[in-house]
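Student: I've got a protein model open on my screen and I don't know how to read it. Can you walk me through it, one feature at a time?

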Amino acid sequence: MQRRHFLKAGLGVAALGITGFARADARTTYQRFHAALARDQELTVYANLEGSQQGHAHVEGRIPDELQGTFFRNGPGRFELGGERYHHWFDGDGYAQAWRIEGGTVTHQGRFVETRKFLDESAAGQFLYPAFGTDIARRGFRDNDSLNTANTNLLPFNDRLYALWEGGSATELDPATLATIGIHTWRDDLAAMPFSAHPKIEPDGTLWNFGALPGGDRLALYRIGADGKVLQAGAVEVPKLALQHDFAVSARHLVFVVPPYDISDDATLSLAERHVWAGEQRGARIIVVAKDTLAIRRVYDLPPRMAFHFGNAWDEAGGNVTQVDLVLHDGDFLKATSRVMEGEREPNRPALHAAMRIRLDHASGKVAATRLLDGAEFPRVMPQAVARRHGRLAMLSSDAQNTSLTLDTVNVVDVERGRTDSWRFAAGWRAEEHVLVPRQGARSETDGWLVGVAQDTNTATSMLTVFDAARVAEGPVALARLPYRTPHCFHGNFLAV
Amino acid sequence: MIRTALLALAFTTPLATAADLVVRVDNVQSTSGQIMVALYDNADAFLKHPVRAEKAKADKAGTTLVFHDVAPGDYGFAVFQDINDNGRMDRNLMGIPTEPIAFSNNAQGRMGPPDFAAVKLAVPAAGLDTAVTLR
């Protein structure tokens with residue numbers, strides 16, 4: 001067993017030898033958040049949850065007859081245990097949710113993913129293991145999957161359901177009950193590999209994904225057939241690789257953005273804290289990988305930007321040009337997702353969070369960027385447009401009039417004409433990711449619905465939202481309101497029946 | 001006669017001062033391949049240069065391996081199940097072991113092997129029975 005090689009995997013050089021130690025301010029974070037929550041009810045979206053949920057939603061308006069299926073969603077639900085509170089929004093344990101639409105009625109179910117971490121810590125009554133943004137080290141652990149929170153996405157694929165994290169394996173759940181089946185290994189030699197929460201599924205059912213361990217400088221790549229069998233797996237070396245959350249897939253390429261972070265080896269810091277913004281020294285890089293060889297085709301320079309989410313990409317000019325739509329944050333946005341856990345609000349600066357169109361010319365190496373929408377996040381396209389030229393991009397945004405960054409607006413952007421079809425929710429409402437759901441046999445990218453979840457923090461209730469994808473500005477055609485609040489999700493996918 | 005007895009004693013002396021280290025390996029989930037145990041006697045050699053190694057057919061009921069004639073002292077051991085019988089501990093593309101592993105004292109590192117101080121156990125002259133759990 002070669003220690004050096006194992007450690008080189010990344011994650012872990014952190015805090016070797018430190019045991020029985022947890023940062024003292026996990027309790028301070030708890031106290032600060034609860035003090036802030038007492039005066040600001042909008043912070044309930046970051047509040048802790050215990051137990052499972054099951055309920056019927058009251059439908060306002062009318063659910064379209066043709067919209068039938070399950071909206072599977074996932075996000076962190078448990079932030080607090082034993083009087084401690086995590087420091088980062090990404091740390092919480094995964095809480096899987098299913099909104100089931102049948103015959104115009106909507107039911108909701110929510111259940112924690114029973115990862116080994118969740119079970120161990122539940123039994124202990126306290127956090128034991130390091131989380132992304134909170135360096136807890138009460139117990140040793142085997143590998144990245146020992147820390148897997150399965151908290152980022154819920155993906156129906158090949159008649160199965162997977163709760164996805166980004167630093168480890170997919171966790172299989174029972175789609176009917178959301179009960180945890182266990183860690184899924186795509187192939188024996190891929191056990192405990194990082195498998196990101198943002199796989200892309202092409203219209204033919206092929207799934208592409210990547211995986212990275214920050215500091216590991218290696219990007220694993222996967223092509224998985226619609227039957228769940230691994231068709232291709234490999235890795236590319238990317239120096240100074242940092243948090244890698246999402247990517248885009250075109251007909252011939254995989255597109256990544258590597259933000260300018262240095263990874264500190266300070267053993268007393270969490271992985272999030274070890275991401276030291278280096279935007280003053282260097283910019284971000286776009287890495288374009290050729291699908292056929294799984295080798296890097298070209299690397300492009302960008303200004304210093306952070307990227308979480310990609311919309312889509314497509315190729316032109318026989319594969320010599322790739323266009324990609326994504327959201328770029330100007331500066332160290334990773335820190336902001338930590339501050340909210342203390343109950344701090346982020347100032348609203350829409351120009352710093354822009355949905356962009358990037359054109360990459362592989363022959364000349366030229367990059368051209370066009371701004372699509374300010375204050376944006378969570379871009380999605382219709383499933384039939386993945387890896388092809390898309391005309392519509394659905395995303396959330398924070399209205400320019402908000403004083404603090406609040407994703408309160410849903411948009412379908414016509415990326416060819418630059419027109420935006422938007423709806424802003426009422427004060428105290430907060431939108432979660434919305435996805436485009438095609439009508440069966442859809443003839444266009446607006447032939448279907450925009451489906452999401454919104455939280456009304458005035459009443460501490462959550463609702464499923466349904467918009468006509470061609471007429472978002474007219475407001476939701478249906479809101480299915482639960483009598484309770486659901487944990488705020490990161491990502492989800494609609495499975496039509 | 002006395003001389004013969006002394007000679008016999010001389011030959012059996014190692015059994016008196018160097019004893020057995022018995023390692024029971026639990027949580028063997030499959031009967032495939034061998035359970036491999038490497039024994040180390042100092043921090044510098046740990047995971048590099050074992051003083052001894054043993055292997056045994058994987059047994060779901062628990063696999064027991066015996067190091068005979070171990071001189072008293074401090075040791076640490078590393079275990080893996082060579083499920084595919086290729087003679088080495090397999091790793092994935094990121095370097096993480098894909099076959100079950102364990103260390104003496106059931107020590108665990110943090111995203112890597114534990115250090116020698118955590119795996120170190122004292123083998124007395126009378127020998128030692130110890131158990132570890134594969135993970």
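Tutor: Sure, let's start with a helix. The expected span of a helix is 1.5 Å times one less than its number of residues. Keep in mind that this is a predicted model.

Student: OK, so how far apart are the end C-alpha atoms of helix α2 of chain A, and what should its 15 residues span?

Tutor: Helix α2(A) covers residues 25-39 and should span 21 Å, because each residue adds 1.5 Å. Its end C-alpha atoms are 21 Å apart, so the two agree.

Student: And which residues of α2(A) are buried?

Tutor: General idea first: an α-helix has 3.6 residues a turn, so residues three or four places apart point the same way. In α2(A), the buried residues are A:A26, A:T29, A:Y30 and A:F33. They cover an arc of only 100° around the axis, so they sit on the same side of α2(A). The face turned away from that buried side carries the exposed residues A:A35, A:A38 and A:R39.

Student: Nice. Now strands: how do I read a sheet?

Tutor: Strands of a sheet pair through backbone hydrogen bonds, either parallel or antiparallel. Take the open sheet of four strands in chain A, with the order β10-β11-β12-β13 and antiparallel pairing.

Student: Which strands stand at the edges of that sheet?

Tutor: β10 and β13 (180-184) of chain A do. Each has a single partner strand, so one side of each is left without a neighbour in the sheet. On average, neighbouring strands here are turned by 30° against each other, direction ignored.

Student: How many bridges join β10(A) to β11(A)?

Tutor: Five bridges join β10 (residues 153-157) to β11 (residues 160-164), and the two run antiparallel. To see one pair, look at A:F157, which stands opposite A:R160 in β11(A). The hairpin of β10(A) and β11(A) has two residues between the strands, and A:N158 takes a positive phi near 55° there. Further along, β12(A) (residues 170-173) pairs with β13(A) over four bridges, again in the antiparallel sense. There, A:T171 stands opposite A:I183 in β13(A).

Student: Is there another sheet I can practise on?

Tutor: Yes, try the open sheet of five strands in chain A, in the order β3-β35-β34-β33-β32, with antiparallel pairing. At its edges stand β3 (58-61) and β32 (429-438), each with a single partner strand, so one side of each has no neighbour in the sheet. The twist averages 20° from one strand to the next.

Student: What joins β32(A) to β33(A)?

Tutor: Eight bridges do, and the strands run antiparallel; β33(A) covers residues 448-456. A:W429 stands opposite A:D456 in β33(A).

Student: Can we look at one residue up close?

Tutor: Let's pick A:R297, which is in strand β23 of chain A. β23(A) (residues 295-301) pairs with β22(A) in the antiparallel sense over six bridges. In that pairing, A:I286 has A:Y300 in β23(A) as its bridge partner. β22(A) and β23(A) form a hairpin with four residues between them, and A:L294 in the turn has a positive phi of about 55°. β22(A) (residues 285-290) is also joined to β19(A) (residues 253-258) by six bridges, running antiparallel.

Student: Why does A:R297 count as partly exposed?

Tutor: You count the other C-beta atoms within 10 Å: 20 or more means buried, 12 or fewer means exposed, and in between means partly exposed. A:R297 has 17, so it is partly exposed. Leaving out residues up to four places away in sequence, A:R297 touches A:H253, A:V288, A:V289, A:A290 and A:H362.

Student: Finally, what do the whole chains look like?

Tutor: Chain A has four helices and 36 strands, and 52% of its 497 residues are buried. A compact globule with 497 residues would have a radius of gyration near 23 Å; chain A has 21 Å, which agrees. Along its principal axes, the C-alpha trace of chain A spans about 60 × 55 × 45 Å.

Student: And what is the order of elements in chain B, from the N terminus on?

Tutor: The elements run α-β-β-β-β-β-β-α-β-β, giving two helices and eight strands. Of the 135 residues in chain B, 36% are buried.

Key
Residues are numbered from 1 along each chain as its sequence is written. Chains are lettered from A and ligands numbered from 1 in the order in which they are written. This is a predicted model: local features need pLDDT of at least 70, side-chain atom pairs count only at pLDDT 80 or more; totals for chains, interfaces and linings use all residues. Two strands pair if DSSP finds at least two bridges between them. Axes are lines fitted to C-alpha atoms, for helices over the stretch in contact, and angles run from 0 to 180 degrees between N-to-C directions. The arc is that of the directions from the helix axis to the C-beta atoms. The radius of gyration is taken over C-alpha atoms; the globule rule is 2.2 Å times the number of residues to the power 0.38. Two residues are in contact if their C-beta atoms, placed from the backbone, lie within 7 Å.
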